[in-house]
Amino acid sequence: LMMLMLNQTDLTPASFILNGIPGLEDMHLWISFPFCSMYAVAMVGNCGLLYLICNEESLHRPMYYFLAMLSLTDLFICSSTIPKALSIFWFHFKEISFDECLVQMFFVHTFTGMESGVLMLMALDRYVAICYPLRYSANLTNPVIAKTGLSTFLRGVLLIIPFTFLTNHLPYCRGNIIPHTYCDHMSVAKLSCGNIKANVIYGLTVALLIGGFDILCITISYTMILRTVVSLSSADARQKAFSTCTAHICAIVFSYSPAFFSFFSHRFGGHTIPPSCHIIVANIYLLLPPTMNPIVYGVKTKQIRDGVIRIFSGSKDIKSHSI
């Protein structure tokens, strides 16, 4: 047993080397500019949204509390990966310690899972608002919102913690170079010379438990919303009801499209799609939603636009109306 423990310790690297985007090393400097620009927009946009929701009384409603959760989650997602990616592109700081790698992996997977959960909660919010408007305030009270947000976070934490244990106990004897810009679970596990079948099975199980469940809830919610909207007698009422969902539908598209591409391309197009494409899409998956969500909600949501105008103009008498 002692020899086994010593061997296990010897096969755990002190650090990994994140190699960036394989095959495009000469273009890292050019690739860094859109990465940096999107990260800056994401930080400014999401921090601005959080400030606006905290300080504008007209935005103290369930829809905007869920939007605040989404913005906070997006900030954690991009901040846990992009600074390290930029340090690789700009300064060739590729080394990351084994423990730091596990921490980064935990944060990335926890908060991407939480983002999916928040999008599902936002779909349920729209379902209650449109299908049961008279019960909206009674059902979605502040304690209920806090409990659903906390349960979504805990779901992510409890399901992702086993990833770190499974990865931590693998023997690594295939080098320490990770062809990626951040520590992804399977990218790290593939460096092991041990049996990673448990990692693969558990990864697919978590994807189904989080992504599959959330997509099912979103689909059912929007099916019921569509039935309710179609049954409305007034065309203006139909348009107004469905317009409240436009920004959320865009957020779903931005979040799930890169995820679906990455999931299916890894399983059905792994030999035809170059590794650099997989890595770029994996980064877009983490960067696109945080960058676009504040822009979309700012453009599509009248109350947010009015709040921004009120802050910049210093006016107190701009009227806000529900969208």
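# Reading a fold, one feature at a time

Author: Let's begin with a surface residue: at 56% relative accessibility, His 92 counts as exposed, because the cut-off for that word is over 50%. Keep in mind as we go that this is a predicted model.

Reader: Fair enough. Where does His 92 lie?

Author: His 92 sits in the loop that runs between α4 and β2. Its backbone is worth a look too.

Reader: What is phi of His 92 near, and what do I compare that with?

Author: The general idea: most residues other than glycine have a negative phi. Here, phi of His 92 is near 60 degrees, so we have a positive value in a residue that isn't glycine.

Reader: Now the big picture. How many helices and strands does the chain come to?

Author: Twelve helices and three strands. The strands make one open sheet, ordered β2-β1-β3, with mixed pairing. On its edges are β2 (95-97) and β3 (177-178), each of which pairs on one side only.

Reader: What's behind the word "mixed" in this sheet?

Author: Take each pair in turn. β1 and β2 pair in the antiparallel sense over three bridges, and within that pairing Ser 15 has Ser 97 as its bridge partner in β2. Strand β1 (residues 15-18) and β3 run parallel, joined by two bridges. In that pair, Ile 17 of β1 is partnered by Ile 177 of β3.

Reader: Which helix packs on that sheet?

Author: Helix α5 (residues 98-131), touching β1, β2 and β3; its direction makes about 85 degrees with that of β2.

Reader: How do I read a single residue in a strand?

Author: The general idea first: in a regular strand, side chains alternate between the two faces of the sheet. Then ask what surrounds your residue. Phe 16 has its place in strand β1, and it counts as buried because its relative accessible area is 1%, where the cut-off is under 20%.

Reader: What does Phe 16 touch, leaving out residues up to four places away in sequence?

Author: Its contacts include Glu 95 and Ile 96, as well as Phe 98, Cys 101, Ile 178, Val 188 and Leu 191. Sequence separation is a separate matter: Phe 16 and Tyr 51 are 35 residues apart in sequence, and their C-alpha atoms are 38 Å apart.

Reader: On to helices. How do I check that one is regular in length?

Author: Compare its end-to-end span with the expected one at 1.5 Å a residue. The 27 residues of helix α7 (residues 142-168) should span 39 Å, and its end C-alpha atoms are 39 Å apart, so the two agree. Helix α2 (residues 28-55), with 28 residues, reaches 40 Å from first C-alpha to last, close to the 40 Å expected.

Reader: And which face of a helix points inward?

Author: An α-helix has 3.6 residues a turn, so residues three or four places apart point the same way. In α2, the buried residues include His 28, Ile 31, Ser 32, Phe 35, Tyr 39, Ala 42, Asn 46 and Leu 49. Among the elements covering the buried residues of α2 are α3, α4 (82-91), α11 (275-300) and α12 (302-313).

Reader: What covers the buried residues of α7?

Author: The cover includes α3 (62-79), α5, α8 (185-189) and α9 (197-231). Among the buried residues of α7 are Ile 145, Gly 149, Thr 152, Arg 155, Gly 156, Leu 159, Ile 160 and Phe 163.

Reader: I'm curious about polar residues. Is Asn 293 buried or exposed?

Author: Buried, with a relative accessible area of 3%. Asn 293 lies in helix α11, and beyond its neighbours within four places in sequence, it is in contact with Leu 70, Asp 74, Glu 115, Ala 251 and Phe 254.

Reader: Which helix holds Ala 247, and what does Ala 247 touch?

Author: Ala 247 is found in helix α10 (residues 235-268) and is buried, at 4% relative accessible area. Not counting residues up to four places away in sequence, it touches Val 296, Tyr 297 and Lys 300.

Reader: Last one: how do I judge the chain as a whole?

Author: Set its radius of gyration against the globule rule. With 323 residues, a compact globule would be near 20 Å; the chain has 22 Å, which agrees. The C-alpha atoms fill a box of roughly 70 × 40 × 40 Å along the principal axes, and buried residues make up 46% of the chain. Of the contacts between residues at least 6 apart in sequence, 76% join residues at least 24 apart. The chain exposes about 16,300 Å², with 70% of it supplied by carbon and sulfur atoms.

Terms used: Residues numbered from 1 in each chain as written. Predicted model: local features only at pLDDT ≥ 70, side-chain atom pairs only at ≥ 80, totals over all residues. Heavy atoms only, no water. Pairing = 2+ DSSP bridges. Helix = DSSP H or I, 4+ residues; strand = E, 2+ residues; numbered from the N terminus. Contact = heavy atoms within 4.5 Å. Axes fitted to C-alpha atoms, helices over the stretch in contact; angles between N-to-C directions. Expected span 1.5 Å × (residues − 1). Buried < 20%, exposed > 50% of the residue type's maximum accessible area, 1.4 Å probe, protein only. Rg over C-alpha atoms; globule rule 2.2 N^0.38 Å. Areas by Shrake-Rupley, 256 points an atom, 1.4 Å probe, with all protein chains shown as cover.
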